[in-house]
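Trainee: I should like to understand how the descriptive terms applied to a model are justified. May we go through them in turn?

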Amino acid sequence: MNKIVIFITMFFSDPTVAPNSVVINTFNNEPLFFNNVDECRLWVENDLENLKDFALTLYPNAIAVKQIHCVEKGTLRNEV
């Protein structure tokens, strides 16, 4: 099984804005991967406000964070 990563999508007033998401691969310059979805969800619950703030820093024109998901690395289109 692939490692699990945090995937955040943003909400914009213009639905054609792209890119509109970010994959969280690191924390404090260290790789951030999870062995299962439950570990990832726990991290998200404990760090929700910081994750939102980070995403809004990357996308200052976004209205809000739309969704935060825990997904298998490599399953996202255009993922590096």
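Mentor: Let us begin with a pair of residues: phenylalanine 7 stands opposite valine 23 in β2. Please keep in mind that this is a predicted model.

Trainee: What makes β1 and β2 a pair of strands?

Mentor: Two strands pair if at least two bridges are found between them. Four bridges join β1, residues 4-11, to β2, so the pairing criterion is met. The two strands run antiparallel.

Trainee: Why are β2 and β5 called edge strands?

Mentor: The open sheet has three strands in the order β2-β1-β5, paired in antiparallel fashion. β2 and β5 (64-72) each pair on one side only. Ignoring direction, neighbouring strands of this sheet are turned by 20° against each other on average.

Trainee: Which helices lie against these strands?

Mentor: Helix α1, residues 37-46, packs on the sheet and touches β1 and β5. The direction of α1 makes about 50° with that of β1. Helix α2 lies across β1, β2 and β5, and runs at about 110° to β5.

Trainee: Why is valine 23 called partly exposed?

Mentor: Valine 23, in strand β2, has a relative accessible area of 22%. Buried would require a value under 20%, and exposed a value over 50%. The 22% of valine 23 falls in between, and therefore the residue is termed partly exposed. As to its surroundings, the C-alpha atom of valine 23 is separated by 9.2 Å from that of leucine 76, 53 residues apart along the chain.

Trainee: Why, then, is threonine 9 described as buried?

Mentor: Threonine 9, which lies in strand β1, has a relative accessible area of 12%. Because this value is under 20%, threonine 9 counts as buried. Leaving aside residues up to four places away in sequence, threonine 9 touches Asn20, Ser21, Val65, Lys66 and Gln67.

Trainee: Where does valine 23 appear in the lining of the second largest pocket, and what else lines it?

Mentor: Val23 is one of the lining residues, which also include Ile24, Trp43, Asp47 and Phe54. The volume of this pocket is about 200 Å³. β2 (21-24), β3 (26-27) and α2 (48-58) each supply at least two residues of the lining, and α2 gives the largest share, three residues.

Trainee: How do the lining residues of this pocket divide into nonpolar, polar and charged?

Mentor: Seven are nonpolar, four are polar and one is charged. Asp counts as charged, so Asp47 belongs to the charged class.

Definitions and conventions. Residues numbered from 1 in each chain as written. Predicted model: local features only at pLDDT ≥ 70, side-chain atom pairs only at ≥ 80, totals over all residues. Heavy atoms only, no water. 1 Å grid on protein atoms, 1.4 Å probe; cavity = no way out; pocket = protein on both sides within 12 Å on 5 of 7 lines; lining within 4 Å. Points joined across faces, edges and corners; volume = space filled by probe spheres on them. Axes fitted to C-alpha atoms, helices over the stretch in contact; angles between N-to-C directions. Contact = heavy atoms within 4.5 Å. Buried < 20%, exposed > 50% of the residue type's maximum accessible area, 1.4 Å probe, protein only.
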